[in-house]
Amino acid sequence: EIGTARGAQVETARGAWPDVAASVPMADVAVCHSVLYGVADLEPFAGTLTSHARRRVVIVIPDRAWLSWMDDLWDRFHGLRRTPAPTAGDAFEALRELGLPVHREDRIAGGDDGFRRRDEALAEVRRRLCLTAAHDGDLAGALGDRLRRRGGRWVAGPVEPVASVTLWWNTSALLKEDGRIELAQ
């Protein structure tokens with residue numbers, strides 16, 4: 001853990017946020033990673049994170065939902081047109097609309113390590129698409145250059161690198177003594 005290596009005290013809360021918020025103490029920094037795209041109601045999620053952080057809230061998400069690169073495959077193999085997933089830009093704007101003084105920093109994510117063999121990478125995509133091995137030939141063709149070797153390993157995913165986006169805001173100016181949040185509107 002990066003925080004503990006640098007002497008920080010780290011506590012992890014498991015469960016759906018903000019449902020578990022009552023059992024989570026205040027912290028200097030509240031951090032969540034790779035969960036924002038699954039949040040049904042952003043306002044209580046962000047508000048409760050803010051009320052639990054004395055100094056800062058940090059949210060890390062990919063620039064676009066990790067599996068959105070497969071949307072065309074759902075259409076091709078199942079006839080399911082997927083609604084375009086929100087992006088980190090959408091999250092940034094939505095948080096600003098809530099009155100949070102949010103900042104954004106992007107970096108290129110390293111991606112996964114991949115698979116030793118091509119058929120393992122293909123099998124992972126097949127599993128995610130709920131297909132059988134009988135579809136492997138068509139699936140490989142549909143993937144095109146999204147199924148490729150990278151650094152000696154087989155990967156299946158977006159050709160262009162996906163940015164890892166950090167959204168953050170300082171909370172001290174937002175928190176009142178009674179724990180309420182005052183957002184700038």
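Strand β2, residues 53-62, and strand β6, residues 163-170, pair in the antiparallel sense over seven bridges. Within this pairing, R56 of the one strand stands opposite N170 in β6. The model in which this pairing appears is a predicted one, and the report therefore returns to its confidence values at the end, since where pLDDT is low the predicted coordinates should not be read in detail.

## The chain and its sheet

The protein chain has six helices and six strands, and from the N terminus on these elements follow one another as α-β-α-β-α-α-β-α-α-β-β-β. Of its 185 residues, 35% count as buried, while the chain exposes about 11500 Å², of which carbon and sulfur atoms supply 49%. Among the contacts with a separation of 6 or more, 75% are made by residues 24 or more positions apart.

Four of the strands form an open sheet in the order β1-β2-β6-β3, and the pairing in this sheet is mixed. Strands β1 and β3 (103-108) stand at the edges, each with a single partner strand, so that one side of each is left without a neighbour in the sheet. From one strand to the next, the twist averages 15°.

On the β1 side of the sheet, six bridges join β1 to β2, and these two strands run parallel; here A27 stands opposite A53 in β2. Strand β2 is thus parallel to β1 and antiparallel to β6. Seven of the ten residues of β2 are buried, so this strand is largely enclosed by the rest of the structure.

Two helices can be described by the way they lie on these strands. Helix α2 lies across β1, β2 and β6, and runs at about 140° to β2. Helix α4, residues 88-97, lies across β2, β3 and β6, and runs at about 10° to β6.

## Helix α6 and its two faces

In helix α6, the buried residues are D136, L139, A140, A142 and L143. These residues cover an arc of only 165° around the axis, which puts them on the same side of α6. The face turned away from this buried side carries the exposed residues G137 and G141. As for what the buried residues meet, they pack against α3 (71-78), α5 and β4 (147-150).

D136, which lies in helix α6, deserves a separate word. With a relative accessibility of 19%, D136 counts as buried, because the cut-off for that class is under 20%. Leaving aside residues up to four places away in sequence, D136 touches L122 and R126. Just after α6, G144 takes a positive phi of about 55°.

## Backbone geometry in the loops

Most residues other than glycine have a negative phi, and most peptide bonds are trans. Against that background, three places in the loops can be set side by side.

| Site | Backbone value | Loop |
|---|---|---|
| W17 to P18 | cis peptide bond, omega near 15° | P18: between α1 (2-5) and β1 (27-33) |
| S34 | phi near 60° | between β1 and α2 (42-51) |
| C130 | phi about 60° | between α5 (118-128) and α6 (136-143) |

For S34, the positive phi occurs in a residue other than glycine, and at 39% relative accessibility S34 counts as partly exposed. C130 likewise has a positive phi although it is not a glycine, and C130 is exposed, with a relative accessible area of 57%. The peptide bond from W17 to P18 is cis, and P18 itself lies in the loop that joins α1 to β1.

## Confidence in the model

The protein chain averages a pLDDT of 88, and 89% of the residues score at least 70. Confidence is lowest in α1, at a mean of 55, and highest in α6, at 97. Where pLDDT is low, the predicted coordinates should not be read in detail. The description of α6 given above concerns the element with the highest confidence in the chain, whereas α1 is the element in which confidence is lowest.

Note on methods: Residues numbered from 1 in each chain as written. Predicted model: local features only at pLDDT ≥ 70, side-chain atom pairs only at ≥ 80, totals over all residues. Heavy atoms only, no water. Buried < 20%, exposed > 50% of the residue type's maximum accessible area, 1.4 Å probe, protein only. Contact = heavy atoms within 4.5 Å. Areas by Shrake-Rupley, 256 points an atom, 1.4 Å probe, with all protein chains shown as cover. Pairing = 2+ DSSP bridges. Axes fitted to C-alpha atoms, helices over the stretch in contact; angles between N-to-C directions. Arc of directions from axis to C-beta. pLDDT = per-residue confidence, 0-100.
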